[in-house]
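The following paragraphs lead through one protein fold, from its backbone framework to the side-chain contacts. The sequence and structure come first.

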Amino acid sequence: MASGANLTSKRSSESTESPIEYQNPSKRLKEFDDLETTDFIRRSDRNALPLRVRTSEKVLRSVIKLFVQSATPNCSMPWQTKRQRATYGSGFVIAGRRLLTNAHVVAYQTSVRVRKHGDAKKYTAHVICIGHECDIAMLGVDDDMFWRDLEPLEFGAVPHLEEDVVCVGFPTGGDNICITRGVVSRVDITRYSYSGVHLLAIQIDAAINSGNSG
């Protein structure tokens, strides 16, 4: 009887589940250094993804709203341009006191102004370089006041499928910053609608609307 009791105790101890080891979400989302997680979901591969994530103030401050005036060429009358139009977009701060946005946001621009989150003042910006093939543009701002309290965001590696993503920007329909969440659905080479060139693209299921570009 004693040996049977010991055998039962041994089997019970062997069947005890080891504690789940949660992966640090700040390592999975490199650009979000100060993330605070409030909940997790269990996964069979012993990893965990953040179910709800609070975006850090550093990220919110580093996302910029763009106010662009542009005039596209008139191909039928090359000596003049078409009527100017106002468009909006988003961008973010990178190292070297530079802003990164999409090329189609500032294409044929005649005036670019930028505004920080939580600040009503608009600052004049200028296009430093633009790559229409990859749909990326780099901007600069000469006013030193603009760069106060701004920290550059870091570039992370190519994400994995089902990895959590947070989209921060200024879509149309409101004046304040907007945050949507989702996961990576696909990583593939695809045709860019703006340039027609086939390059690497990341498809996500988070809502992205006009004005989020950048």
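A residue is called buried when its relative accessible area is under 20%, exposed when that area is over 50%, and partly exposed in between. By this criterion, both Phe146 and Trp147 are buried. The model under discussion is predicted.

The framework is best taken before the side chains. Strands of a sheet pair through backbone hydrogen bonds, in either a parallel or an antiparallel arrangement. Here, 6 strands form a closed barrel in the order β3-β4-β5-β8-β7-β6, and their pairing is antiparallel. Within this sheet, neighbouring strands are turned against each other by 40° on average, direction ignored. One of the pairings joins strand β6 (residues 109-116) to strand β7 (residues 122-131), in the antiparallel sense and over 4 bridges. Val114 has Tyr123 of β7 as its bridge partner.

The aromatic side chains provide a second layer of description. How many aromatic pairs does a search of the whole structure find? The search yields 4. Among them is the pair of Phe67 and Tyr88, which is edge-to-face, with 5.6 Å from centre to centre and 85° between the planes. This pair links distant parts of the chain, since Phe67 belongs to strand β3 (residues 63-70) and Tyr88 to strand β4 (residues 85-94), 21 residues apart. Phe67 has a relative accessibility of 11% and therefore counts as buried, whereas Tyr88, with a relative accessible area of 43%, is partly exposed. Phe146 and Trp147 also form an edge-to-face pair, at 4.9 Å centre to centre and with 85° between the planes. Tyr123, the bridge partner of Val114, joins Phe146 and Trp147 in a cluster linked by ring pairs.

Two of the rings named above also have a lysine over them. The charged end of Lys65 sits over the ring of Tyr88, 5.3 Å from its centre. Lys116 lies over the face of Phe146, at 5.9 Å from the ring centre.

Lys65 leads on to the salt bridges, of which the structure holds 4. The side chains of Lys65 and Asp175 meet in one of these, with an N to O distance of 3.1 Å. Lys65 lies in strand β3 and Asp175 in the loop between β9 and β10 (178-191), so this contact ties together parts that are 110 residues apart in sequence. Lys65 counts as buried because its relative accessibility is 5%; Asp175 is partly exposed, with a relative accessible area of 42%.

Asp175 has a further partner in Arg115, the closest N and O atoms of this salt bridge being 3.2 Å apart. Because Arg115 lies in strand β6 and Asp175 in the loop between β9 and β10, the bridge ties together parts that are 60 residues apart in sequence. Arg115 is buried, its relative accessible area being 11%. Through shared partners, the salt bridges join Lys65, Arg115 and Asp175 into one network.

Another salt bridge brings together the side chains of Arg61 and Glu151, at 4.0 Å from N to O. It too links distant parts of the chain: Arg61 is in helix α3 (residues 57-62) and Glu151 in the loop between β8 (136-141) and β9 (164-169), 90 residues apart. Arg61 is partly exposed, with a relative accessible area of 28%, and Glu151 is likewise partly exposed, at 37%.

Note on methods: Residues are numbered from 1 along each chain as its sequence is written. This is a predicted model: local features need pLDDT of at least 70, side-chain atom pairs count only at pLDDT 80 or more; totals for chains, interfaces and linings use all residues. Side-chain values use heavy atoms; hydrogens and water are left out. Two strands pair if DSSP finds at least two bridges between them. Helices (H or I, at least four residues) and strands (E, at least two) are DSSP runs, numbered from the N terminus. Axes are lines fitted to C-alpha atoms, for helices over the stretch in contact, and angles run from 0 to 180 degrees between N-to-C directions. Rings of Phe, Tyr and Trp (its six-membered ring) pair if their centres lie within 6.5 Å; planes under 30 degrees apart count as stacked, over 60 as edge-to-face and the rest as tilted. Buried means under 20% relative accessible area, exposed over 50%, partly exposed in between (1.4 Å probe, protein chains only). A charge sits over a ring if NZ of Lys or CZ of Arg is within 6 Å of the ring centre and within 35 degrees of the ring normal.
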